[in-house]
Amino acid sequence: MSTSRAAIFAKIKTGLAEDTRSETERRRVVEQRLAAPPAHDLPARVQKSHEDLRAQFKGYLEGQSATVLEVAFAADIPEAITGYLRANNLPSRVRVGTDPYLADLPWSKVPALERDSGHARPADETSVSHASAGISETGTLMLTSGADNPVTLNFVPETHIIVVEDKDLVGPYEAGLAKVRAKFGKGQMPRTVNLISGPSRTGDIGGKIVMGAHGPRRMCVIIVRG
C-alpha cells in the first residue's frame, strides 16, 4: 500500500474511533442531512431583485455572442423566431421536439415557417428547445433531455434557438436544480442535463477563436415575460 493511501485510511480510522455515537445515531444524522441538506453560501450577484437577475442573465449571454430577445407573451414566439431567421438570412425551417409548451404556440401566425418534429438530423440548420431554467449567476440555460426536447437539438444544428420563461429565471445554480427536481419528481430525473452559456467556441486551433467547433455557431435566447 502506498504511503499516501495508508495515510488516508489512517485518518479515516482515527476519525471513526473518535466518533462515539451509536450506529443508530449516525444513521439518524445522515437521514436528517439528506432530507434537509444545508443551504450553500451564495455570491452577492445572485442575491438581487428579479429585474436585476434578468438583466444580468441577458448581459452574460450577450457577452458570449448570444442573441437575446424578449417577448411579452408565448403567442409572440413564432413571430420572434421568424424575425430572427430572416435577420440572419437563414431558411424558414426549424426542428423541434414534442415539448407541449412549444406545441401549443400559434404557429399558424407564421405559415411560411416550416417545422419538423423529433431529434435533430445532420441536414437541420436550426433547432428550437424549451429550457427548464435560466441561471443568472453565469447566464446559463439548463436544458433537460427527453422526447420533448431531444439532446441532439442542442448540438447538431448550427443555429440553436432556446425559449425560456421569465418565471424560470433564477439566481444560483442550486435554484435551477431545484426547478428540475420539482418538474420531474424524485427518482425521475432526466438522463442528461446540459448547461449552455452561449454558442460553441474553441481557441485550441492556433490560439484563434473558432465558432461552432463542438456545436451551434449561433444561439438565440427568447425570454417570455408574460
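This is a short walk through one sheet, the helix lying across it, and a surface patch elsewhere in the chain.

Okay, one thing before we start: what we have here is a predicted model.

Let's begin with the sheet. There are four strands in it, the sheet is open, and the order is β8-β5-β6-β9, with mixed pairing. The edge positions go to β8, residues 169–170, and β9, residues 193–196. Each of those has a single partner strand, so one side of each has no neighbour in the sheet.

As a reminder, strands in a sheet pair through backbone hydrogen bonds, and that can be parallel or antiparallel. We get both here. Take β5, residues 133–135: β5 pairs with β8 in the parallel sense, over two bridges. If you want a spot to click on, Ile135 sits opposite Val170 in β8. Over at β9, the pairing with β6 is antiparallel and runs over four bridges. There, Thr144 has Val193 of β9 as its bridge partner.

Stay on β9 for a second. Which of its side chains are buried? Asn194 and Ile196 are, and they point to one face, while Val193 and Leu195 point to the other face and are not buried.

Now the helix. That's α6, residues 173–184, and it lies across β5, β6, β8 and β9. Its angle to β6, which covers 140–144, is about 20°.

Last stop, the patch. Ile8, Phe9, Ile12 and Leu16 make a nonpolar surface patch of about 410 Å². Ile12 belongs to helix α1, residues 3–18. With a relative accessible area of 46%, Ile12 counts as partly exposed.

That's my tour, thanks.

Definitions and conventions: Residues are numbered from 1 along each chain as its sequence is written. This is a predicted model: local features need pLDDT of at least 70, side-chain atom pairs count only at pLDDT 80 or more; totals for chains, interfaces and linings use all residues. Side-chain values use heavy atoms; hydrogens and water are left out. Patches are made of residues with over 30% relative accessible area and no salt bridge: like charges are joined within 9 Å, nonpolar side chains (Val, Leu, Ile, Met, Phe, Trp, Tyr) within 5 Å. Accessible areas come from the Shrake-Rupley method with a 1.4 Å probe; for residues, only the protein chains shown count as cover. A salt bridge is a side-chain nitrogen of Lys or Arg within 4 Å of a carboxyl oxygen of Asp or Glu. Buried means under 20% relative accessible area, exposed over 50%, partly exposed in between (1.4 Å probe, protein chains only). Two strands pair if DSSP finds at least two bridges between them. Contact means heavy atoms within 4.5 Å. Axes are lines fitted to C-alpha atoms, for helices over the stretch in contact, and angles run from 0 to 180 degrees between N-to-C directions.
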